[in-house]
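Here is a short report on a surface charge patch and a few single residues. Please keep the sequence and the 3D view at hand while reading.

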Amino acid sequence: MPERLATELRGDILGGRLQPGARLGEVALAERFEVSRGPVRAALNLLSETGLVTIVPNSGARVRVMSRADARALYEVRAALESEAAMLAAAKAEAGTARRFRVLLDQHAQEVGAHPQGAYLQGAGDRDFHMVTAQMAANPIILRYLTRELYPQLSLLRVKHRNVTGRGAKALREHERIAAAIADGDSEVAGLLMRRHIRNSWIALEAQLSEAEKDTE
């Protein structure tokens, strides 16, 4: 029961229906799901463990509001994990690796082509470049940390900051270079390019955070 409730609430949070800072009252949620407060409390604890919900004693639960420091720390961890994943993926590259990336990147190119000045629009699961790279690394610990903790928190950050103008085409070119290095089995270059890609992504996001702060002044 708590897992089912957590999954539904997670969808509401990552889909933007519950915005950062929104209060998650146990009584209201129990009424919504027609359950007692126990399963709701357990579900909120599960979401807190993944970094999507903040629980404050004597205050209750809210959708996490991610600060700039939180976001920076998240990207630092992301750079470390994903650069290692890219290196492992290159070391384990197979005959079909290049083709798998080509199909994926062709889909992304179509999306970027439709909105050349827009953000990089990534799909879920096998359509996400970073997810595919992590799967190719074949390291269950890295994959677990990325999928259960890091990627959901990144999605939470994107709920508030959805678009980084002009980043789409640049990110696609960076992905193409990373994919080529992985397919060639060049671990060192693949790791370096992935780390640089994550850094560029952070620079673009940080600039947008600064603009958002100016707009609220």
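Helix 8 gives the largest share of the positive patch, three residues. The model is predicted. The patch lies on the surface and gathers Lys 170, Arg 173, Arg 177, Arg 196 and Arg 199. Two elements give two or more residues each to this patch: helix 8 (167–183) and helix 9 (187–216).

Arg 173 is found in helix 8. Its relative accessible area is 44%. Partly exposed covers the range between under 20% (buried) and over 50% (exposed), so Arg 173 counts as partly exposed.

Two other residues are buried. The table sets out the three values.

| Residue | Location | Relative accessible area | Class |
|---|---|---|---|
| Arg 173 | helix 8 | 44% | partly exposed |
| Gln 153 | helix 7 (residues 140–160) | 11% | buried |
| Met 66 | loop between strand 3 (60–63) and helix 4 (68–91) | 14% | buried |

What does the side chain of Gln 153 meet? One of its polar atoms lies 3.2 Å from the backbone oxygen of Glu 149. Gln 153 is in helix 7, and it is buried because its relative accessible area, 11%, is under 20%.

Met 66 sits in a loop, between strand 3 and helix 4. At 14%, Met 66 is buried too. How far apart are Met 66 and Pro 20 in space? The C-alpha to C-alpha distance is 7.9 Å, although 46 residues separate Met 66 and Pro 20 in sequence.

Notes. Residues are numbered from 1 along each chain as its sequence is written. This is a predicted model: local features need pLDDT of at least 70, side-chain atom pairs count only at pLDDT 80 or more; totals for chains, interfaces and linings use all residues. Side-chain values use heavy atoms; hydrogens and water are left out. Patches are made of residues with over 30% relative accessible area and no salt bridge: like charges are joined within 9 Å, nonpolar side chains (Val, Leu, Ile, Met, Phe, Trp, Tyr) within 5 Å. Accessible areas come from the Shrake-Rupley method with a 1.4 Å probe; for residues, only the protein chains shown count as cover. A salt bridge is a side-chain nitrogen of Lys or Arg within 4 Å of a carboxyl oxygen of Asp or Glu. Lys and Arg count as positive and Asp and Glu as negative; His and the chain ends are not counted. The place of a charge is taken as NZ of Lys, CZ of Arg, CG of Asp or CD of Glu. Helices (H or I, at least four residues) and strands (E, at least two) are DSSP runs, numbered from the N terminus. Buried means under 20% relative accessible area, exposed over 50%, partly exposed in between (1.4 Å probe, protein chains only). A polar contact is a pair of N or O atoms within 3.5 Å; within protein, one must be able to donate a hydrogen and the other to accept it, and residues adjacent in sequence count only if both atoms are side-chain atoms.
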